[in-house]
Protein chains: 2
Amino acid sequence: MEYFQELKATKIFDFASEFDCQAMMFCFKTKFKTFDKNENIITQGNRIEDIILILKGGGIVENIDILGNISIVMQLKKGDVYGVESAYAGDEFYKDSVIATEKTLVLFMNKHRLINPCENRCKRHDFVVKNLMRLVAESNLKLLDKLTHLSKKSTREKLLSYLGLMSERAKSDYFEIPFNITELANYLSVDRSAMSNELSKMKKEGLIDYDKRQFHIFNNKIKY
Amino acid sequence: MEYFQELKATKIFDFASEFDCQAMMFCFKTKFKTFDKNENIITQGNRIEDIILILKGGGIVENIDILGNISIVMQLKKGDVYGVESAYAGDEFYKDSVIATEKTLVLFMNKHRLINPCENRCKRHDFVVKNLMRLVAESNLKLLDKLTHLSKKSTREKLLSYLGLMSERAKSDYFEIPFNITELANYLSVDRSAMSNELSKMKKEGLIDYDKRQFHIFNNKIKY
DNA sequence: ATAAATTTGTTGTAAAAACAACACTTTTTA
DNA sequence: TAAAAAGTGTTGTTTTTACAACAAATTTAT
């Protein structure tokens, strides 16, 4: 079966045999399609017919609001899906556009076929739904974390909220972050130079130490 | 059956007959429990055994971070669930505490029973999972909206992002928001008085008009 | 290995936000 | 309906942030 390796590598179809995949491709009325760089994979405002899964390449999710402002909502890479939340929430139209940032192979899955359990109640369907649910659940938790940081008023508080969580995750005062400084500023929605400045101050005050992506947080110094 | 009316009123069990409910209560190993005001329904750090559904009353989701800061993550009211994302994401421990803010009736549903499809692959289970998925999907979309607003740097941009979306939803330049001014400031994580001030300025500049929760946005004046 | 591109830290300045205080209005409650 | 509580708009002050500009360091590409 064509593209079986690509399907198997995703979190959605990782459980499935080639036979399973073949069956599901029929069941979900799938279509494979390749897009060139800068091509629209999904267009904002169009009626939701499919959920997409990126099999190769990547893209960006772009939103244009009522005032005409364009903003990048997120990036999509191999294994990522788009449209699941909107489909399950019952939205009628895509709320964003998805644009390929390189040559990209996309799997389209029919929304109705996916959302409504098969007539024959196949076990495969259950697995896919469970995997989709896990993806959406994980996304939810990530968004909540980010919101926690962004809700803080000052840059220092945002940083401490983020670094504190990273430390907690690592179960250590020493940990590595998945961003460089520029990316971190972008993630926390603060000015890079201002944030860099704030980090320096915190280092001087002995609250934290860092080099590149390696951080050391002195939790004892932060609170009594 | 006790509490059937309460179950029927939720988005999770709205489809179910009394017979269905009874069957599911057994299937999901449910427990009903009433909590007094200020009692802990769920304790942060405890092992995740159950997902909860609020049937009467309400509570708050509270998080204590590694630095000792306490923050209210969200409010729970009748029909809301807590723990679904963590359970599906495979977390081991509750990441927050849930505390009753009044006398509250709670349904506990066993995580494993809920996540893993029944042996007998009952149709009811599918409905519940689909309803849970819809809830999580909707939550996801709400969080994304909020993040869009909070990502803006200035108060004015945050306001325009929020009001623009509300206007889009209402398909009109005239719309009503679900917050009062204090609540809106809280939602957007900005100082109330500063935001009130900014709203006044925007009104003076002719960008918007408002009274209480009624807003009128002059989209044509905002660009150019 | 060298050049080019990107990332980073620092500084000063202008703009914006938080904060605090207070009078006034609206809503809730007894 | 009166009193209490909660919400709102305004102002001035202080703190913080964004922004811009630039040199130094690091990474990437050739």
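# Protein chains A and B with DNA strand D

The residues of the surface near DNA strand D divide into four nonpolar, nine polar and five charged. This is a predicted model. In it, 18 residues surround DNA strand D. Chain A and chain B also touch each other, with 49 residues from chain A and 49 residues from chain B in the contact. The points below take the DNA strand first, then the contact between the chains, then chain A, then one residue of chain B.

**Around DNA strand D**

- The closest residues come from two chains: A:Ser154 and A:Thr155, along with B:Thr182, B:Arg192 and B:Ser200.
- Of the atoms of DNA strand D that come within 4 Å of the protein, 62% belong to sugar and phosphate.
- The side chain of B:Asn180 has an N or O atom 3.5 Å from a phosphate oxygen of DNA strand D.
- B:Ile181 uses its backbone instead: an N or O atom there lies 3.2 Å from a phosphate oxygen of the strand.
- B:Arg192 reaches a base: one of its polar side-chain atoms lies 3.1 Å from a base oxygen of DNA strand D.
- Three elements give two or more residues each to this surface: α8 (192-204) of chain A, and α7 (181-187) and α8 (192-204) of chain B.
- Among the contributors, α8(B) gives the most, with five residues.

**Between chain A and chain B**

- The two chains bury an area of about 4500 Å² between them.
- Carbon and sulfur atoms give 64% of that area.
- Two salt bridges are counted between chain A and chain B.
- One of them joins the side chains of A:Lys95 and B:Asp145, with N and O 3.3 Å apart.
- Six residue pairs are in polar contact across the interface, with both residues at pLDDT 80 or more.
- On the side of chain A that touches chain B, the elements giving two or more residues are β5 (70-77), α3 (84-89), α5 (123-150), α6 (155-170) and α9 (219-222).
- The largest share of that side comes from α5(A), with 19 residues.
- By type, the residues of that side of chain A divide into 23 nonpolar, ten polar and 16 charged.

**Chain A as a whole**

- Chain A holds nine helices and eleven strands.
- Its C-alpha atoms fill a box of roughly 65 × 40 × 30 Å, taken along the principal axes.
- The chain has 224 residues, and 49% of them count as buried.
- Take the contacts in chain A between residues at least 6 apart in sequence: 67% of these join residues at least 24 apart.

**A look at B:Val73**

- B:Val73 sits in strand β5 of chain B, which covers residues 70-77.
- Is B:Val73 buried, exposed or partly exposed? B:Val73 counts as partly exposed because its relative accessibility is 30%, and that class lies between the cut-offs of under 20% for buried and over 50% for exposed.
- Leaving out residues up to four places away in sequence, B:Val73 touches A:Leu144, B:Val61, B:Asn63 and B:Asp96.
- One of these partners, A:Leu144, belongs to chain A.
- B:Thr182, one of the closest residues to DNA strand D, is 109 residues from B:Val73 in sequence. In space, B:Val73 and B:Thr182 are 17 Å apart, C-alpha to C-alpha.

Terms used
Residues numbered from 1 in each chain as written. Chains lettered and ligands numbered in written order. Predicted model: local features only at pLDDT ≥ 70, side-chain atom pairs only at ≥ 80, totals over all residues. Heavy atoms only, no water. Near = heavy atom within 4 Å. Polar contact = N/O pair within 3.5 Å; in protein donor to acceptor, adjacent residues only side chain to side chain. Helix = DSSP H or I, 4+ residues; strand = E, 2+ residues; numbered from the N terminus. Nonpolar A, V, L, I, M, F, W, Y, C, P; charged D, E, K, R; others polar. Contact = heavy atoms within 4.5 Å. Buried area = accessible area lost by both parts, 1.4 Å probe. Salt bridge = Lys/Arg side-chain N within 4 Å of Asp/Glu carboxyl O. Buried < 20%, exposed > 50% of the residue type's maximum accessible area, 1.4 Å probe, protein only.
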